[in-house]
Amino acid sequence: MRSISAGTAALLSFCVAATAFAQENTKTFTYTKTKQAELQIIVHFPPDWKESDKRPGIVFFFGGGWENGTIRAFEPQAQYLASRGMVTARADYRVKSRHGVTPKECVDDARAALRWFRQNAGKLGVDPERIVASGGSAGGHIAACTTLMPEDELKDENVSCKANALILFNPVLRFGRQMLQRVNNDEAVGKAISPVLYLKKDSPPALLFFGTDDRLINQGNEFMERSKELGHRAELFTAEKQPHGFFNRSPWREKTLQKTDEFLASLGYLQGKPTVQVPEAKKEASQPPPPPKVQIPKPTFANVSYGPHERNILDFWQAKSEQSTPVLVSIHGGGFVAGNKGAQPQLLKDCLNSGISVAAINYRYSTQAIAPAPFEDGARAVQFIRSKAKEWNIDPTRFAATGGSAGAGISLWLGFHKDMADPKSDDPVLRQSTRLSCMVVFEGQTSYDPRFIRTLFPDKDIYKIGALATLFGVNLSKLDELAAEKYKLFEECSPITHVTKDAPPVLLVYNNPIDAEIVNQGIGIHHPLFGKVLKEKMDSLGIPCEVVAAGKRLGGGTPTKTIDFLTEHLRVKKGRTAK
């Protein structure tokens with residue numbers, strides 16, 4: 001875990017006059033060199049800055065799951081705090097998609113950045129005893145790790161990497177079992193980079209930000225409870241009903257900046273009241289009360305094992321009917337590394353009322369077994385459910401699949417792939433068909449081939465998204481240098497590759513419009529262009545394919561309701577209501 005010491009890196013060279021810095025506001029420096037890349041840090045100087053100053057400083061680290069993200073993050077926060085008199089900085093660090101590293105190396109880089117900042121405090125006009133580490137999500141995690149780690153990891157013969165205060169935006173604070181795969185299941189490393197474990201009474205004061213709808217808030221609460229027990233100073237700001245990353249948009253950007261300013265002022269780092277202007281809340285027009293939440297009924301059969309792996313389990317809701325029922329198989333999303341079985345409440349209700357049974361499945365994460373494992377699990381689940389046809393009152397000729405994102409991709413792959421039934425198998429489950437009657441998917445990718453995605457989104461880094469690198473076990477920064485079998489795997493796992501003239505009909509639904517600007521990888525990987533290219537191929541073969549983007553149907557007309565699409569292609573009689 002030993003980082004490249006700031007003492008081994010060259011001190012920054014100040015070859016321009018101090019007044020030039022004040023006029024130019026920012027300067028970019030290289031703070032360390034690694035075998036993968038030189039890492040830069042952008043420093044923002046206050047308007048009246050002088051080299052002889054001893055101002056408080058802060059270093060920000062971007063988020064991105066230790067896999068993506070850019071140094072452009074936190075620019076508004078850095079500029080604002082510079083306007084308030086601090087020397088602020090945004091540090092780059094290595095990430096998996098670009099450099100093939102694990103969170104361990106991300107932490108090493110953050111510590112190197114703090115050491116560089118402190119080592120050069122005299123020429124940056126910074127007080128080395130008033131340095132703050134900050135960041136969001138994975139960046140919040142590595143910011144915390146500059147300071148909260150085992151003592152032997154923090155020692156340096158020349159310069160300390162410990163911050164004097166922490167400001168953390170929805171950070172990861174503990175490496176649990178599911179996260180260990182990111183550090184090659186090394187429990188010692190996972191423990192060492194779990195900041196909450198190393199809180200002490202004399203740890204630097206900390207300010208944490210979380211949205212109440214962010215699952216990571218549980219780690220924030222753990223941090224606060226431990227801090228209270230120790231008598232350590234920590235504050236928690238929560239944003240009601242806000243998700244992960246809420247602080248990046250207005251008005252929460254301004255609200256969190258205001259709280260940050262107040263926290264820093266309480267430490268004596270800033271003077272006066274915050275100057276940030278929080279936008280006034282817009283007056284909402286009178287709205288009817290929201291409809292009551294749809295209650296999900298208990299499954300008829302829960303946690304049924306359909307295969308050998310611990311995640312090969314499913315829930316099944318049996319529609320009440322005197323006749324055998326069609327089945328909708330629901331496959332969860334989560335980038336192939338997260339998520340759990342479940343069905344959309346309203347869709348589940350509509351299906352059961354229409355006489356359609358529903359199954360919701362789990363599959364192996366790509367961190368447990370890379371592609372094609374998640375797809376193979378989807379196929380086996382369909383075969384297993386078919387094998388229960390008589391017992392569960394199922395019509396084996398009427399199967400559909402649905403899912404979002406990764407679940408959408410698996411659903412499409414199942415529908416387009418040639419039948420994987422093996423009549424001669426010793427396993428009776430594998431003798432069953434995998435074919436589907438139709439698919440209804442949400443935010444779906446129609447190809448997982450990074451080369452295809454690179455062509456679909458030229459001049460974008462969508463194809464480098466960490467989920468694909470993990471799914472295939474490759475370094476996508478070297479996409480054109482991979483072994484031939486990896487390219488074959490890309491094609492095999494891409495639904496659009498398997499489309500033939502006998503493919504089943506599809507309804508694809510996307511949240512964004514077809515011309516949505518791609519400002520981040522999340523928008524790109526869920527862009528309706530994926531649906532458009534599939535529709536073009538299916539149109540040429542005369543197969544029904546409907547794409548709905550932001551409520552508008554490509555080609556015009558009224559979008560088909562999900563349940564209407566299912567009842568039509570599963571051959572459910574109109575007006576059918578479960579008995």
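These exercises walk through parts of a predicted model.

**Exercise 1. The sheet**

Find the order of the eight strands in the open sheet, and name its edge strands.

Solution.
- The order reads E1-E2-E4-E3-E5-E6-E7-E8, and the pairing is mixed.
- The edges are strand E1 (26-33) and strand E8 (234-239), each of which pairs on one side only.
- From one strand to the next, the twist averages 20°.
- Now look at one pair. Strand E2 (residues 38-44) joins E1 in the antiparallel sense, over seven bridges.
- Within this pair, Phe 29 stands opposite Ile 41 in E2.

**Exercise 2. Helices on the sheet**

State which strands helix H2 (residues 75-83) and helix H9 (residues 217-230) lie across.

Solution.
- H2 lies across E1, E2, strand E3 (55-61) and strand E4 (87-91).
- Its direction is at about 165° to E4.
- H9 lies across strand E7 (206-211) and E8.
- H9 runs at about 155° to E8.

**Exercise 3. Two helices in contact**

Classify the crossing of H2 and helix H10 (residues 252-266), and list the residues in contact.

Solution.
- The two axes come within 11 Å and cross at roughly 40°.
- That angle makes H2 oblique to H10.
- The crossing is right-handed.
- H2 contributes Pro 76, Gln 77, Tyr 80 and Leu 81 to the contact.
- H10 contributes Arg 253, Leu 257, Thr 260, Asp 261 and Leu 264.
- Sorted by class, the contact has five nonpolar, two polar and two charged residues.

**Exercise 4. The buried side of H2**

Name the buried residues of H2 and say what they pack against.

Solution.
- Gln 77, Ala 78, Tyr 80, Leu 81 and Ala 82 are buried.
- The buried residues of H2 pack against E2, E3, E4 and H10.
- Just after the helix comes Gly 85, with a positive phi of about 115°.

**Exercise 5. Cis peptide bonds**

Locate the loops that hold Pro 251 and Pro 372, and describe the bond before each proline.

Solution.
- Pro 251 sits in the loop between E8 and H10.
- The bond from Ser 250 to Pro 251 is cis, with omega near 5°.
- Pro 372 sits in the loop between strand E12 (357-361) and helix H12 (373-387).
- The bond from Ala 371 to Pro 372 is cis, with omega near 10°.

**Exercise 6. Positive phi without glycine**

Decide whether Asn 185 is buried or exposed, and do likewise for Ser 405.

Solution.
- Asn 185 is not a glycine, yet its phi is positive, about 60°.
- Asn 185 lies in the loop between strand E6 (165-169) and helix H8 (187-192).
- With a relative accessible area of 51%, Asn 185 is exposed.
- Ser 405 is not a glycine either, and has a positive phi of about 55°.
- Ser 405 lies between strand E13 (394-404) and helix H13 (406-416).
- At 15% relative accessibility, Ser 405 counts as buried.

Notes. Residues are numbered from 1 along each chain as its sequence is written. This is a predicted model: local features need pLDDT of at least 70, side-chain atom pairs count only at pLDDT 80 or more; totals for chains, interfaces and linings use all residues. Side-chain values use heavy atoms; hydrogens and water are left out. Two strands pair if DSSP finds at least two bridges between them. Helices (H or I, at least four residues) and strands (E, at least two) are DSSP runs, numbered from the N terminus. Axes are lines fitted to C-alpha atoms, for helices over the stretch in contact, and angles run from 0 to 180 degrees between N-to-C directions. Contact means heavy atoms within 4.5 Å. Angles under 35 degrees count as roughly parallel, over 145 as roughly antiparallel, 65 to 115 as roughly perpendicular and the rest as oblique. A crossing is left-handed if the near helix is turned anticlockwise from the far one by less than a right angle, and right-handed if clockwise. Ala, Val, Leu, Ile, Met, Phe, Trp, Tyr, Cys and Pro count as nonpolar, Asp, Glu, Lys and Arg as charged, and the others, Gly among them, as polar. Buried means under 20% relative accessible area, exposed over 50%, partly exposed in between (1.4 Å probe, protein chains only).
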